[in-house]
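This report describes how the strands of one protein model are arranged and how a ligand is held by its surroundings. Please keep the structure in view while reading.

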Amino acid sequence: MMASDSNIYKPIKASVERVIDESPMIKSLVLIPEHDFSFKTGEFIELTINGFGEAPFTPSSSPLEKKRLEVTVMKAGYVTEKIHALMPGEVVGIRGPFGRGYPVEKFYGKEVVILGGGCGFAPIRSLLYNLMAEKEKFRKVILCYGSKTPEDCIYKPFVNELRKVEGFEIYRSVDKADESWDEREGVVTVLLDDIRVNISNSVAIVCGPPVMMKFGTLKLLEMGYPETDIYLSMEKNMSCGLGKCGHCMMGKYYVCKDGPVFTYDEIKEQPGIWL
Ligand SMILES: Cc1cc2nc3c(=O)[nH]c(=O)nc-3n(C[C@H](O)[C@H](O)[C@H](O)COP(=O)(O)OP(=O)(O)OC[C@H]3O[C@@H](n4cnc5c(N)ncnc54)[C@H](O)[C@@H]3O)c2cc1C
Ligand code: FES
């Protein structure tokens with residue numbers, strides 16, 4: 001559903017119901033849109049802060065929920081700083097949903113391996129809600145998630161719930177552990193050494209900071225994943241979100257319209273994919 005039937009640039013209103021501190025740099029906002037809002041997992045929205053501007057975010061909540069929407073935001077600059085200062089009861093704008101999300105139907109019958117880092121857990125959480133709702137359709141789901149330190153690990157209650165779901169395996173690592181941490185230490189790709197997966201019947205999904213996307217993809221290729229079975233959620237600077245302004249161009253693609261989800265095969269020849 002588009003944000004407005006008459007004007008695609010006009011946001012709908014959404015009130016902030018709750019603000020959740022996920023880590024020192026990351027907050028989630030629970031938003032209540034003025035009317036039902038639908039999206040597919042992996043699609044993105046433009047979130048407007050009145051008088052300051054807008055920025056793209058991938059909803060982190062379940063695509064099955066229409067009455068509330070969650071976004072998880074890392075403080076990066078001007079707009080995200082304003083978002084971090086929002087309080088319950090304040091009103092923001094939402095445009096979208098935009099782009100091409102995860103082709104979940106293509107994952108049916110397969111082992112789904114998800115590699116996530118930092119705030120890249122946001123679209124992945126939405127995807128995981130989707131996979132949980134249809135869990136009998138996948139052979140298994142393996143989440144490998146990495147963050148810098150234990151306190152940077154987001155969605156702790158969600159991860160605890162996920163560990164209880166049959167057919168789901170959860171592995172986490174931190175770059176630098178402390179005495180509170182009893183999981184893996186090292187960059188997130190070390191987790192791929194720990195998993196058992198039938199690559200010939202598997203797809204891999206990668207979402208995180210550019211350097212993690214690059215080395216995650218290289219590791220998956222080394223493991224034997226075909227380029228067509230590696231799905232990447234790309235982030236580029238965006239403005240219109242509609243394939244009009246050209247801000248998000250990556251070679252021949254508009255990331256806002258043709259992506260943000262691409263297979264590695266689709267984008268491997270395009271310039272600057274890891275920037
Ligand atoms: C499709 C899509 C989905 C996204 N989903 C999320 C999400 O779920 N959660 C989240 O925290 N962030 C997400 N982002 C990134 C988020 O949009 C940017 O962090 C935000 O636009 C920064 O706005 P700002 O005004 O705070 O920063 P600015 O003041 O504009 O910039 C601060 C710094 O961040 C850089 N920057 C700005 N936008 C981006 C970008 N898109 N990618 C890389 N660097 C950027 C700038 O070049 C600058 O160096 C997503 C981006 C895209 C394109
Ligand atoms: S953001 Fe304007 S063309 Fe993609």
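## Strand pairing in the model

Two strands are said to pair if DSSP finds at least two bridges between them. The structure discussed here is a predicted model. Strands of a sheet pair through backbone hydrogen bonds, and the pairing may be parallel or antiparallel.

An example is given by strand β1 (residues 12-23) and strand β2 (residues 26-33). Eight bridges join β1 to β2, and the two run antiparallel. Within this pair, valine 19 stands opposite leucine 29 of β2. β1 and β2 also form a hairpin, with two residues between them.

## The six-stranded sheet

β1 and β2 belong to an open sheet of six strands, whose order is β4-β3-β6-β1-β2-β5 and whose pairing is antiparallel. β4 and β5 stand at the edges with a single partner strand each, so one side of each is left without a neighbour in the sheet. On average, neighbouring strands of this sheet are turned by 35° against each other, direction ignored.

Besides its pairing with β2, β1 is joined to β6 by four bridges, and these two strands also run antiparallel. Here the bridge partner of serine 15 is valine 91 in β6. Towards the β4 edge, strand β3 (residues 44-49) pairs with β4 in the antiparallel sense over five bridges. Leucine 47 stands opposite alanine 55, a residue of β4.

## An aromatic pair between two strands

A pair of aromatic rings is described by the distance of the centres and the angle of the planes. The structure holds 11 aromatic pairs. One of them is formed by phenylalanine 44 and phenylalanine 98; this pair is tilted, with 5.7 Å from centre to centre and 55° between the planes.

Why does this pair tie together parts that are 54 residues apart in sequence? Phenylalanine 44 lies in strand β3 whereas phenylalanine 98 lies in strand β6 (residues 91-98), and therefore the pair links these two parts of the chain.

## The seven-stranded sheet

A further open sheet has seven strands in the order β10-β9-β8-β7-β11-β12-β15, and its pairing is mixed. At its edges stand β10 (184-185) and β15 (261-263); each has a single partner strand, so one side of each is left without a neighbour in the sheet.

Strand β11 (residues 202-207) and strand β12 (residues 230-233) illustrate the parallel sense, in which they pair over three bridges. The bridge partner of valine 206 in β12 is leucine 232.

## The surroundings of ligand 1

Ligand 1 is surrounded by 19 residues, and the closest are Pro56, Thr72, Met74, Thr80 and Asn237. By character, this shell divides into 12 nonpolar, five polar and two charged residues. Three elements, β4 (53-57), β5 (69-74) and α1 (78-84), each supply at least two residues of the shell. Of these, β4 and β5 are the edge strands of the six-stranded sheet.

Which atoms lie 2.7 Å apart in the contact between proline 56 and ligand 1? They are a polar backbone atom of proline 56 and an oxygen atom of the ligand. A backbone N or O atom of tyrosine 78 lies 3.0 Å from an oxygen atom of ligand 1. Glutamate 235 contributes through its side chain, with a polar atom 3.4 Å from a nitrogen atom of ligand 1. The protein covers 69% of the 880 Å² of accessible area that ligand 1 has on its own.

## Backbone exceptions

Most residues other than glycine have a negative phi, and most peptide bonds are trans. Against this background, three places in the backbone deserve attention. The peptide bond from glycine 96 to proline 97 is cis, with omega near 5°, and proline 97 is placed in strand β6. The bond from glycine 259 to proline 260 is also cis, with omega near 10°. Proline 260 lies in the loop between α5 (255-258) and β15.

Tyrosine 155 is not a glycine, yet it has a positive phi of about 60°. This residue is found in the loop between β8 (140-147) and α3 (156-163).

Methods:
Residues are numbered from 1 along each chain as its sequence is written. Chains are lettered from A and ligands numbered from 1 in the order in which they are written. This is a predicted model: local features need pLDDT of at least 70, side-chain atom pairs count only at pLDDT 80 or more; totals for chains, interfaces and linings use all residues. Side-chain values use heavy atoms; hydrogens and water are left out. A residue is near a molecule or strand if one of its heavy atoms lies within 4 Å of it. A polar contact is a pair of N or O atoms within 3.5 Å; within protein, one must be able to donate a hydrogen and the other to accept it, and residues adjacent in sequence count only if both atoms are side-chain atoms. Accessible areas come from the Shrake-Rupley method with a 1.4 Å probe; for residues, only the protein chains shown count as cover. Ala, Val, Leu, Ile, Met, Phe, Trp, Tyr, Cys and Pro count as nonpolar, Asp, Glu, Lys and Arg as charged, and the others, Gly among them, as polar. Axes are lines fitted to C-alpha atoms, for helices over the stretch in contact, and angles run from 0 to 180 degrees between N-to-C directions. Rings of Phe, Tyr and Trp (its six-membered ring) pair if their centres lie within 6.5 Å; planes under 30 degrees apart count as stacked, over 60 as edge-to-face and the rest as tilted.
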